[in-house]
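Student: I am new to this structure and would like a close look at a single part of it. Could you take one helix, set it within the whole chain, and explain which way its residues face?

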Amino acid sequence: MPIILCIDPGTAHTGLAISEEGILAEPLDTIFERDIDKLVGKLTPFIARLNPEKVVIGQPDHGPLLLYARQLKDRIEKIYAGEVILFPEDLSSKIAQSKMKQSGKNSIQIKKGEHQTAAALILQEYLDS
């Protein structure tokens, strides 16, 4: 079954999510890194271990992360032979925080899981589209 990895890039935190069957997205991990080259270095083991069919990168409609997502895509394409897709997203972290709060998570749990939950929301939207 196709494995799809989703990356929700941020200025300091990058969320990761995975779909192992192409139907349901699950939060995977959060990488704490500001430098894009070091981020790619930290993403490489995930890509090697998971061997995804596709990598989906959340790309906001505007703001500084718009260019950052494009740069990340270019760098990943240099180390990964599969398909890399930019997928439109906006406010995924805010939505993730809200959903986690509604599910009864405390502020520490929300802070720890918001980025990977945001990546899962982006990936689920991609899978549903």
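Tutor: In this predicted model, among the contacts between residues at least 6 apart in sequence, 62% join residues that are at least 24 apart. The chain that makes these contacts has 4 helices and 5 strands, and from the N terminus on its elements follow the order β-β-β-α-β-α-β-α-α. Buried residues account for 47% of its 129 residues, while the accessible surface of the chain comes to about 7,100 Å², with 54% of that belonging to carbon and sulfur atoms.

The part to look at closely is helix H2, which covers residues 64–79. At 1.5 Å a residue, its 16 residues should span 22 Å, and because the C-alpha atoms at its two ends lie 24 Å apart, the expected and the computed span agree.

As for the way its residues face, the buried ones in H2 are Tyr68, Ala69, Leu72, Lys73 and Ile76. These cover an arc of only 145° around the axis, and they therefore sit on the same side of H2. Leu67 and Lys78, by contrast, are exposed on the other side of the helix.

What do the buried residues of H2 pack against? Their partners are strand E1 (4–8), helix H1 (36–50), strand E4 (54–59) and strand E5 (83–88), so that description of H2 takes in both its buried side, with Tyr68 and Ile76 among the residues there, and the other side, where Leu67 and Lys78 are exposed.

Definitions and conventions. Residues are numbered from 1 along each chain as its sequence is written. This is a predicted model: local features need pLDDT of at least 70, side-chain atom pairs count only at pLDDT 80 or more; totals for chains, interfaces and linings use all residues. Side-chain values use heavy atoms; hydrogens and water are left out. Buried means under 20% relative accessible area, exposed over 50%, partly exposed in between (1.4 Å probe, protein chains only). Contact means heavy atoms within 4.5 Å. Accessible areas come from the Shrake-Rupley method with a 1.4 Å probe; for residues, only the protein chains shown count as cover. The expected span of a helix is 1.5 Å times one less than its number of residues. The arc is that of the directions from the helix axis to the C-beta atoms.
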